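Student: Hi, I have a new structure to go through. Can you walk me over it in short steps?
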Amino acid sequence: MMDIDRIEDEAAQWVARQDRSLDLRERISFERWLKSSTANRVAYLRLKTAWDGANKLSETKLDVRAASWRPIAAKVGLAAFTALAACAVLVFSLPAHLRDEQKSPAVIWAAANFASKHRSLALSDGTRVYLGSSTTLRTAVSGSTRSVTLERGNAYFEVKHDDKHPFVVFAGNRKITDLGTKFSVALDRSGIQVKVREGSVQIELLHASNSTPVVAGAGDVVITKAEETLLEMSPSSAAGRVSFDNASLGDVASELNKYNRKKIYVAETAADIKIGGSFQPDNMDGFESLLRRGFDVKVHETPDGIYISR
Amino acid sequence: MHDVNESLDAWFVREILPLEPTLTRFLRRNWTDEAEVADLRQEAYVKVYEAAAQHGKPGAPKAFLFKVVKNILVDRQHKDKVIPIGSLSDLEEFASVSDEASPEQYAAARQEITRLQQALDTLSDRVREVVILRKVYGMSQRDVARNLGIRENTVEQHVAKGVRVLAQHVEDKRGKVVSQSKRYVRSHTRIAKQGLQT
């Protein structure tokens, strides 16, 4: 009688190794093990077939979570917490039956001393998140909703596309809706900064019925301060324009100064003036005429800069 | 030589392995020692594979498999001095009757996914997490390790555990997984449970 347990154990080991791909030495070892007895081969075929058969599960992405599963996120006990302190990623989760998808967030992720910037987390919908240092992110991702709150710090998202269930990030007083993207959100006391790597996001001001949402595409950076939105488009993006809405002149000037050798200097008296408009960032003439036309400011141009005052 | 094996492997996976649920149910009903079922099944597989290798693939794989199984059981009965209540002819009758869905029907998409999910339910938390991240989200073992904060080798071990459970779950439609217990009692006279059952 064959030692079925041992053979199946070995076969399972080989399936698991194959699962992460074999190096040359392992491949030779595997072939030898396969050839050494039919029992080995047959056991391997059986387990490999079962493992490959499980690929059908990829069709169930959201179904899997709708069933009464225990949470996907790891439960970390106190002892484990101390052990993890070095890289300090803590994951807390509520048991499935206590979770109320609509109201209470299911999972809180916090990275205190972020050891490696390559460290990413997988949300249960397949979206990948990279946390910055001193970051707290609260996630509530389930079959029907995908919403995340950035409470502190910054995070970069690679969102798993799902038309029917938009991925939403709440940060400060803004709601960022993913429109099929890779983007980052950083939050500090003054406002948020959203940088879009791929795809686009929509950024709207919460509790403000008459504000217009901003759509940012690949290469765009959006900075907000309170109710202001300063949308910066990277010079390399197709549109190549900078636009802003209800932004303070001082902020607009600092953004533009990133693109131009000739700097804009704004006097304190004029710094808080709110302006809106859009033009190409290196088009200083355009900026100047915009200011002269629409705003109560004095513009004085010299070879080394543009001086704006009231 | 490599090619011959490859086409044999493919044939084996296509024609023989889908018969496992039928085969296992048959073995369970006709052999009292639960723990030996896996052994017997393995022995049948080996014999079928080797016969196909040496004498060519059988035209009717299911009939061939059951013929092989029947012979194995007979041999074992003699060796173990088990007194079966039924007779050999009962075995023959049963083997030719197909009383459940064919492999194609059984593999109908929805049933298959349900079966897989039931199998996952039986896994420990950590092994299930690994299997889900691998299979549902297609994450590499390396990424799974990073995401769960465990070593890559540990992920590999969890996959090995998951694989065995997934394979075991093939045989039981009722959702019960048989654990591979090493405990069994071998005695000279074993009374068969209610004879040979269909």
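Student: Let's start with chain B. How much of chain B counts as buried?
Tutor: Of its 198 residues, 51% count as buried. Buried means under 20% relative accessible area, exposed means over 50%, and partly exposed is in between, with a 1.4 Å probe and protein chains only. Keep in mind that this is a predicted model: local features need pLDDT of at least 70, side-chain atom pairs count only at pLDDT 80 or more, and totals for chains, interfaces and linings use all residues. Residues are numbered from 1 along each chain as its sequence is written, chains are lettered from A and ligands numbered from 1 in the order in which they are written, and side-chain values use heavy atoms, with hydrogens and water left out.

Student: OK. How many helices and strands does chain B have?
Tutor: Ten helices and zero strands. Helices (H or I, at least four residues) and strands (E, at least two) are DSSP runs, numbered from the N terminus.

Student: Which residues of helix H9 in chain B are buried?
Tutor: Gln141(B), Asp143(B), Val144(B), Ala145(B), Asn147(B) and Leu148(B). H9(B) covers residues 141–148, and six of its eight residues are buried, so this helix is largely enclosed by the rest of the structure.

Student: What comes just after H9(B)?
Tutor: Gly149(B), which takes a positive phi of about 70 degrees.

Student: Now packing. How do H2 and H3 of chain B cross?
Tutor: H2(B) is residues 20–30 and H3(B) is residues 37–55. Their axes come within 10 Å and cross at roughly 130 degrees. That makes H2(B) oblique to H3(B). Axes are lines fitted to C-alpha atoms, for helices over the stretch in contact, and angles run from 0 to 180 degrees between N-to-C directions. Under 35 degrees counts as roughly parallel, over 145 as roughly antiparallel, 65 to 115 as roughly perpendicular, and the rest as oblique.

Student: Is that crossing left-handed or right-handed?
Tutor: H2(B) passes H3(B) in a right-handed crossing. A crossing is left-handed if the near helix is turned anticlockwise from the far one by less than a right angle, and right-handed if clockwise.

Student: Which helix of chain B does H1(A) pack against?
Tutor: H10(B), residues 152–168. The angle is about 125 degrees and the axes are 8 Å apart. That makes H1(A) oblique to H10(B). The crossing of these two helices is right-handed.

Student: Let's switch to rings. How many aromatic pairs are there?
Tutor: Ten over all chains. Rings of Phe, Tyr and Trp (its six-membered ring) pair if their centres lie within 6.5 Å; planes under 30 degrees apart count as stacked, over 60 as edge-to-face and the rest as tilted. One of the pairs is Trp14(A) with Phe30(A), which is tilted: 5.2 Å centre to centre, with 45 degrees between the planes.

Student: Why does that pair tie parts together?
Tutor: Trp14(A) lies in H1(A), residues 4–20, and Phe30(A) in H2(A), residues 24–36, so the pair ties together parts that are 16 residues apart in sequence.

Student: Which other ring does Phe30(A) pair with?
Tutor: Tyr44(A), edge-to-face, at 4.8 Å centre to centre and 65 degrees between the planes. Tyr44(A) sits in H3(A), residues 38–53, 14 residues from Phe30(A).

Student: Are Phe30(A) and Tyr44(A) buried or exposed?
Tutor: Phe30(A) counts as buried at 5% relative accessibility. Tyr44(A) counts as buried at 7%. Ring pairs link both of them with Trp14(A) and Trp33(A) into a cluster.

Student: Which charge sits over the ring of Trp14(A)?
Tutor: The charged end of Arg17(A), 4.5 Å from the ring centre. The rule is that NZ of Lys or CZ of Arg is within 6 Å of the ring centre and within 35 degrees of the ring normal. Across the chains, the charged end of Lys135(B) sits over the ring of Trp51(A), 4.3 Å from its centre.

Student: Last topic, strands. What does E7(A) pair with?
Tutor: E6(A), residues 146–158, in the parallel sense over five bridges. E7(A) also pairs with E8(A), residues 174–178, in the antiparallel sense over four bridges. Two strands pair if DSSP finds at least two bridges between them.

Student: What joins E7(A) and E8(A)?
Tutor: They form a hairpin with two residues between them. Gly172(A) in the turn has a positive phi of about 60 degrees.

Student: And how covered is E7(A)?
Tutor: Mostly: four of its five residues, 167–171, are buried.
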